[in-house]
Amino acid sequence: MSNLLLALRRSLNPLLLGIVHALCFAPGPLPGVILPYVQVASLTGLAMCLLRTRRLREAAWQGWLFGLGSFCTGLYWLFISLHTYGGLQAGLSVAAVLALSGALALYYALAAVVSRLCLAPVLNTHAGLLATVCSALGWASSWALFEWIRGTAFTGFPWLNAGYAHIDGPFAGWAPILGVYGLSWIAAFTAAGIAMLLVARRKQTTETTQTALNESGAACSVALAIGLALSGLALGQLKWAQPHGDPILFRLTQGNIPQSEKFDPALMQQGMETYMRLAAEPPKNDQARPQIIVMPETVMALFQNNYAPQVWEYWQHIATLQQAALIIGVPLHEMNADGESRYTNSVVGMHTDSDLGALYEGQPTQRYDKHHLVPFGEFIPPGFRWFTNALNIPLGDFNRGTVRQELFHIDSQHIALNICYEDVFGEEILHAVRDHTEHGDGASILLNVSNLGWFGDSWALQQHLLISRMRALETARPMLRATNTGMTAAIDPDGTVRAALPAHTLAILDIEVQGTTGMTPYVRWGNKAVLLLTFIGFLASLLAAWRGRGHKP
């Protein structure tokens, strides 16, 4: 009975730690100021669990339970999209969330196995200070590597990446250099050092060998982590970019159209007219008229040629009335040279002199086509059409835009669009920030248009805001967000939210934005730097293991 209780406790601990870990990606359940420290604490708990394991199978199980608790809790809002708005039965919706969470947790299981192998040298009673530090490097590298693989393999799903929890923490200054995966590496290294120090001070043992962790090595790892935190604070004072052009006044619109109404044929017109009224609303100060008015993703829910031409004429009338450029989310349908249809989830730019005929044909002069499509929502993975058919979700199969497209050049600013969860993929955003031989200068402003109405009043909205803040910090560019239900916000190049509308409100945000130019190290290198750091960490860990074998009696 005692063995059974011990096994249950060992299984319950990582599951609970994973649940706590999921609370670190949006302020709400926990105060935003403590999120970085809670994330490190939960990862420290997992490292302590792994230090007590005897077999790799046990390490994999504990890593998987940690991931299951984290993803089931942090992604609970997928149930809302599947059941409430997708029409999938409640039981099947729960099963789908569990299945996705279990699959994503496999990355953590693999990370736990590799990290347990990296921690093996410190369980050798002869392991010295260097071997202990190298083991912490290996643990950090295994965690960062599998976070990167999770964000890349099978189109990628990097939501709840550990690094996002540190946007307001002392490690944040490293983001313009190493990106979000680099913050994951630093957080994991810190957690490993703290875990080894706690275990060393308690003089704990395993059932297979007397373990005397090198306390000096563990303390050295913690000291290095403190050094990374202090240097992160110092790096946070650097200015990686300079002002570009004149400030420009944006209007960000938030129509708060419930998802249950957005694609209802009887209510589509009403929702579009809501955004027309917001776009046409006069400024509070006539001397501060918006130069760019932004509508969210799929404000026009049908393809552009399903609307009467008079609708587009009225949009152009608003542009003329306001003497502003309009940015409108609308799916496009066009015919290619071979007579084949092409469908894209797009954003179009409209001006007082835009060619409405070309727009109606699906070939507007200024457009952005979504590149990174959402599985099941915007494309159907092979073998899963049966699942999509069970959902009541429109717009299920789109064509992709190219990675680097023509930016929206308005006044003196170069605006890079991204749609919905595209801004989760920081390495793809970098293409728009860099100069391009064909498309010219890189972005001076980033602009995300989204519709998170699918997820109701859930953590997804705040989680997505945190992700956008990281993109601003990595690129040293202002990031603007125009969303249907929230969070509509303006983010400064240092990741600070300058202004935001309350979620689930009908409102506009008129705000002046200064574009920037200049490249951070992360814009130049992308993830190459953190992958190199990961390789060095693994190499150091292998060296520690080799030296450990050589010192066995």
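Q: How many cavities of 30 Å³ or more does the structure hold?
A: This is a predicted model: local features need pLDDT of at least 70, side-chain atom pairs need 80 or more, and totals for chains, interfaces and linings use all residues. Residues are numbered from 1 along each chain as its sequence is written, and side-chain values use heavy atoms, without hydrogens or water. A cavity is a set of points on a 1 Å grid over the protein atoms alone where a 1.4 Å probe fits but cannot get out. With a floor of 30 Å³, the count of cavities is four.

Q: What volume does the largest cavity have?
A: A volume is the space filled by probe spheres set on the grid points, which are joined across faces, edges and corners. For the largest cavity this comes to about 200 Å³.

Q: Which residues lie nearest the centre of the largest cavity?
A: Lining residues have an atom within 4 Å of a point. The largest cavity has 19 of them. Strand 6 (367-369), strand 8 and helix 14 (426-433) each give two or more residues to this lining. Nearest the centre lie Tyr-368, Val-403, Leu-417, Glu-428 and Ala-432.

Q: How many charged residues are in the lining of the largest cavity?
A: Asp, Glu, Lys and Arg count as charged; Ala, Val, Leu, Ile, Met, Phe, Trp, Tyr, Cys and Pro as nonpolar; the others, Gly among them, as polar. The lining has nine nonpolar and five polar residues. The charged residues number five.

Q: Which element gives the most to the lining of the second largest cavity?
A: About 90 Å³ of space lies in this cavity. Its lining includes Ile-257, Glu-261, Met-268 and Tyr-307. Two elements give two or more residues, helix 9 (259-262) and helix 10 (268-280). With four residues, the top contributor is helix 10.

Q: How many nonpolar residues line the second largest cavity?
A: The lining has one polar residue and two charged residues. Glu-261 and Lys-262 are among the lining residues. The nonpolar class has nine.

Q: Which residues are closest to the centre of the second largest pocket?
A: A pocket is an open set of points with protein on both sides within 12 Å along at least five of seven lines. The second largest one has a volume of about 520 Å³. Of its 26 lining residues, the closest to the centre are Gly-236, Leu-238, Lys-239, Pro-493 and Asp-494.

Q: Which element gives the most to the lining of the second largest pocket?
A: By class, this lining has 13 nonpolar, 10 polar and three charged residues. Helix 8 (215-235) and strand 1 (242-243) each supply at least two residues. With three residues, the top contributor is helix 8.

Q: How many helices and strands are there in the protein?
A: Both are DSSP runs, numbered from the N terminus: helices are H or I with at least four residues, strands are E with at least two. The counts are 17 helices and 14 strands.

Q: Which strands stand at the edges of the six-stranded sheet?
A: Two strands pair if DSSP finds at least two bridges between them. The six strands form an open, mixed sheet in the order 7-8-9-10-11-12. Each edge strand has a single partner, so one side is left without a neighbour in the sheet. The edges are strand 7 (408-410) and strand 12 (497-500).

Q: Which residue of strand 9 stands opposite Leu-417?
A: Strand 8 (residues 413-419) and strand 9 (residues 445-450) run parallel, joined by five bridges. Leu-417 also lines the largest cavity. Its opposite residue in strand 9 is Leu-447.

Q: Is Cys-420 buried or exposed?
A: Cys-420 sits in the loop between strand 8 and helix 14. It has a positive phi of about 55° although it is not a glycine. Buried means under 20% relative accessible area, exposed over 50%, partly exposed in between (1.4 Å probe, protein chains only). Because its relative accessible area is 12%, Cys-420 is buried.

Q: Is Gln-323 buried or exposed?
A: Gln-323 lies in the loop between helix 11 (309-322) and strand 4 (325-335). Gln-323 has a positive phi of about 50°. Its relative accessibility is 59%, so Gln-323 counts as exposed.

Q: Which residue does a cis peptide bond join to Gly-486?
A: Most peptide bonds are trans. Here omega is about 0°. The partner lies in the loop between strand 10 (479-483) and strand 11 (489-491). It is Met-487.
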